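Reader: I would like to go through this chain and ask what stands behind each term. Please give the cut-offs as we go.

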Amino acid sequence: MPMQPWFTDAKLGIFVHWGIYAVDGVQESWSFYDDIVPHDRYMSQLGRFTGAKYDPHAWADLFARAGARYAVLTSRHHDGVALWDTGFGDLNLGRDYLTGYADALREQGLKVGLYYSHSDWNHPDYATTRKPGRPPEQEDNRYSECSAEDEDLAAWERFIAYRDGQIRELASRYRPDLMWFDGEWDRSEEQWRIEELAALIRSYSPHVVFNARMLSEGDYATPEQGAPIEPPDGPWELCLTINDSWGYQHHDDNHKSLSQLVRYFTETIGGGGNLLLDVGPMEDGTIPAPQVERLEGLGEWIRKHSDAVYGTVRGLPAGHHYGPSTLSADGRTLYLTLFDVPRAEIGVRGLVTPVRRVTVLGTGTELAHRVIGGLHEAVGVLWIDPPAEADLDPHATVLAVELDGELELYRGSGRF
Ligand code: GLC
């Protein structure tokens, strides 16, 4: 299926990890799986989760102000606790948090994404089968796999029926634009019945987008926590936490600075990807202030530089400019990002297409430029005068380079 254009045009999405783990501020699902928190203590958070200040309109409003075009909310993490009043399984919060979320996003013109973990470390029928080919000496985790002798395929069928029941509810009620799967490593493509799962969702949401953790049905690559140095060829999305945690954790104040986030963002879109930036609301639904501040700051930066963000495609390959760049969809304007205060002229190498004009995005100041050097096919270097201090952005300055035609590059071994 061809990629939905809204996805590649979106550039920024907001990931929301919200679940019972926010009550004690422990790691989502993994804390009991890894025996860091006793299972009964972890599950006791279910009775203490209030959602008392849950305000999906405030979330959607914040996400829109941040410049995001979609969001992805954890409808059910590996702990199996559903954020909606599901008729399947025993674990939910007795309340439907998803209708408000989906409606509020759509009112803001944002696309609706739902995260759903294939794995469910609390369902009684989950740990009844083994992943084929997993080495027998590997120690089983009681929450994810049983020993080969104890396999119970009828129980696995019940698990799949439960899973399909939940997925049918999600797809039919909320008609998600994107389904963000996770936990695929626990079982095989065949055990998850990926093809049937995709068909079930598409029967309600025919244009749904799937991340790569939908295995053979995935539409885009899902690098996590680190921007790929060589951007993938096709569509992709970097998912990234603002501090070091996906969900809310009281003691984690290792937040990335706004400048660092602008850097991640520009590097990601410069490589043709989207940034899916994560927030971890507290158990009452409040998004922590340091995260709100950063989303608002990113939104301000994006508003000032929106021409370099929306309606662009991946920019120059490495080697032409020392920083990320994007290219307007018509290929006629290059947007160069500068992170540092330029001390001298900015040199761009290998631009075959002549340059008409260079301006500072956001202030409109025109900068002088000239080409020096070159021989035959080897083009000279484009030297751009450094912007004055008043034209510099505190996080990243963008120069708009208007070309006299569509971008053509010299790569050192002939033109292409
Ligand atoms: C990992 C973790 C999970 C988190 C996800 C987000 O797969 O298992 O806790 O939700 O990354 O990408």
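Author: The domain assignment splits the protein chain into domain 1 (5-304) and domain 2 (312-403); such bounds come from an automatic or database domain assignment. This is a predicted model, in which local features need pLDDT of at least 70 and side-chain atom pairs count only at pLDDT 80 or more, while totals for chains, interfaces and linings use all residues. Residues are numbered from 1 along each chain as its sequence is written, and side-chain values use heavy atoms, with hydrogens and water left out.

Reader: How many residues of domain 1 and domain 2 does the contact take?

Author: The contact takes 18 residues from domain 1 and 15 residues from domain 2, where contact means heavy atoms within 4.5 Å. The centres of the two domains, taken over C-alpha atoms, are 38 Å apart.

Reader: What area is buried between domain 1 and domain 2?

Author: About 1300 Å², with carbon and sulfur atoms giving 54% of it. Buried area is the accessible area (1.4 Å probe) that two parts lose on being put together, summed over both. In domain 1, Gly270, Trp301 and Lys304 lose the most area to domain 2, together 40% of what that side buries.

Reader: Why is the pair Asp393 and Lys304 called a salt bridge?

Author: The term requires a side-chain nitrogen of Lys or Arg within 4 Å of a carboxyl oxygen of Asp or Glu. The side chains of Asp393 and Lys304 meet at 2.8 Å, N to O, so the pair qualifies under that definition. The rule finds one salt bridge across the interface of domain 1 and domain 2.

Reader: Why is His255 called buried?

Author: Buried means under 20% relative accessible area, exposed over 50%, partly exposed in between (1.4 Å probe, protein chains only). His255 has 19%, and is therefore buried. Among the residues that His255 touches, not counting those up to four places away in sequence, are Pro290, Gln291 and Arg294.

Reader: What makes the approach of Tyr310 to Gly67 a polar contact?

Author: A polar contact is a pair of N or O atoms within 3.5 Å; within protein, one must be able to donate a hydrogen and the other to accept it, and residues adjacent in sequence count only if both atoms are side-chain atoms. The side chain of Tyr310 reaches the backbone oxygen of Gly67 at 2.6 Å, so the distance falls within the limit. Tyr310 also has its C-alpha atom 7.2 Å from that of Ala10, 300 residues apart along the chain.
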